[in-house]
Amino acid sequence: VIKGGLISLVLLAAPCTAIAHSPIKGLNSFYNGLLHPVFVPAHLLLLIAVGLFIGQQGVKSNQFALVSFVIATVIGLIVAWFSVDIEIELFVLVGAAIIGLLIATNPVIGVFWSSLIAATAGFFLGADSTQETLQGKEKFITLLGSGVAIYFLLLYPIALAENFKKKQWLEIGIRVLGSWVAAISLLVLALSLVTK
Amino acid sequence: MTFGAVLGVMGIPLPGIEVGIAVSAIVLGTVVAMNLRPPLIIAFSIIAFFAIYHGHPHGTALPDFGVPLHYAAGFVVSTGLLHLSGISIGYLYRWKIGERLVRSLGFCISLTGFYFLTAAIGLTT
């Protein structure tokens, strides 16, 4: 575990790009899956966005959004399990941009819409969690690791946004974070449109 | 800034970028130095207008980087943190000496803007 942790720390510090959707050598399948959402910046952006969004809307009144996110993530992971290399990172970024803008503008959204938004994000995250070259049991364990990581990583921004609701200036801080997520996503989306 | 950066990414040119950035320093520095309090909509419009000029060069540079998302994240976060630094300095306004300091900084920013402007229009190098 310590060795795995150390390798993870070194890899996190390195400016690697090619490993985004490739398994990391030296780590077992579960750890590979666990680190996948951390190594794919688009996933991290969407996770932060969804977490802040659910926290900002209020976890108690939006418990269904959290449940729908988890269910949709599992469905997405099953899709990833059966499919080979579906490239939907662009959708992940579109989702991050839209949710980022929603956080920044902070409109009143009903439970239905917040659940639908959370579910869509969860599905994209799950479906885009496929790692190249993995097959069979290895692929299953990797996807399981990704699912666990997606769920636990979501809890941090939720807790942050929920706690920051106590004071108005902290709430503004959450909206600023949302605008950052939207800005980053929009820039990369603009570049994707130009290069295509 | 994001809008300006998107214009830059898409290769849509913006005339007089360096002049725009220099003028932004002059105008905003003067507003701080003179302790002007324009209505919110005017302040918003001025800042948004100049932000387009500040964002455009970042967007132009974006395609040159290996991982655009990393660059975009760095650009957005560092810009945000710089704004936060400015807001923190602005809090000095609570004290009389702090107010003088902030207004002096505004004056210095304005002067720097004038220097940038002379460089942008080719009067100095």
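In the predicted model, the loop between helix H2 (17-33) and helix H3 (40-61) of chain B contains Asn35(B). The backbone of Asn35(B) has a positive phi of about 55°, although the residue is not a glycine. With a relative accessible area of 27%, Asn35(B) is partly exposed; the value is neither under 20%, as a buried residue would require, nor over 50%, as an exposed one would.

An asparagine with a positive phi is also found in chain A. For Asn106(A), phi is near 50°, a positive value in a residue other than glycine. Asn106(A) belongs to the loop that joins helix H5 (89-105) to helix H6 (111-127) of chain A. Its relative accessible area is 32%, so Asn106(A) is classed as partly exposed.

Asn106(A) is also one of the residues touched by Gln57(A). Gln57(A) is placed in helix H3 of chain A, which covers residues 41-57. Because its relative accessible area is 14%, under the 20% limit, Gln57(A) counts as buried. When residues up to four places away in sequence are left out, the contacts of Gln57(A) are Asn62(A), Asn106(A), Pro107(A), Ile109(A) and Lys165(A). The buried glutamine thus touches Asn106(A), which is itself partly exposed.

The fold of chain B was examined next. Chain B has 5 helices and 0 strands, and from the N terminus on its elements follow the order α-α-α-α-α. The C-alpha trace of chain B spans about 50 × 35 × 30 Å along its principal axes. Of the 125 residues in chain B, 28% count as buried. The accessible surface of chain B amounts to about 7,800 Å², and 75% of this area belongs to carbon and sulfur atoms. Among the contacts in chain B between residues at least 6 apart in sequence, 75% join residues at least 24 apart.

Salt bridges were then considered. Over all chains, the count comes to 2. One of the salt bridges pairs Glu99(B) with Lys96(B), with 3.9 Å between the closest N and O atoms. This separation qualifies because the cut-off for a salt bridge is 4 Å. Both residues lie in helix H5 (residues 96-120) of chain B, where they are 3 residues apart, about one turn of the helix. Glu99(B) also forms a salt bridge with Arg103(B), the closest N and O atoms being 3.7 Å apart. Because Arg103(B) and Glu99(B) are 4 residues apart in helix H5 of chain B, about one helical turn separates them. Lys96(B), Glu99(B) and Arg103(B) are accordingly linked in a network of salt bridges.

The members of this network were also assigned to classes of accessibility. Glu99(B), which takes part in the salt bridge with Lys96(B) and in that with Arg103(B), is buried, with a relative accessible area of 18%. Lys96(B), in contrast, counts as exposed at 57% relative accessibility. Arg103(B) is partly exposed, with a relative accessible area of 30%.

The interface of chain B and chain A was analysed last. The size of an interface is often given as the accessible area lost when the parts come together. Between chain B and chain A, the buried area is about 1,400 Å², and carbon and sulfur atoms give 92% of it. On the side of chain B, the elements that give two or more residues are helix H1 (2-9) and helix H4 (68-90). H4(B) gives the most to this side, with 10 residues. By class, the side of chain B that touches chain A has 15 nonpolar and 3 polar residues, and no charged residues. In terms of contacts, 18 residues of chain B meet 15 residues of chain A.

Across this interface, 0 salt bridges are found. A salt bridge requires a side chain of Lys or Arg and one of Asp or Glu, and the side of chain B that touches chain A has no charged residues; the absence of salt bridges therefore follows from the composition of that side. The number of residue pairs in polar contact across the interface, with both residues at pLDDT 80 or more, is likewise 0.

Definitions and conventions:
Residues numbered from 1 in each chain as written. Chains lettered and ligands numbered in written order. Predicted model: local features only at pLDDT ≥ 70, side-chain atom pairs only at ≥ 80, totals over all residues. Heavy atoms only, no water. Buried < 20%, exposed > 50% of the residue type's maximum accessible area, 1.4 Å probe, protein only. Contact = heavy atoms within 4.5 Å. Areas by Shrake-Rupley, 256 points an atom, 1.4 Å probe, with all protein chains shown as cover. Buried area = accessible area lost by both parts, 1.4 Å probe. Polar contact = N/O pair within 3.5 Å; in protein donor to acceptor, adjacent residues only side chain to side chain. Nonpolar A, V, L, I, M, F, W, Y, C, P; charged D, E, K, R; others polar.
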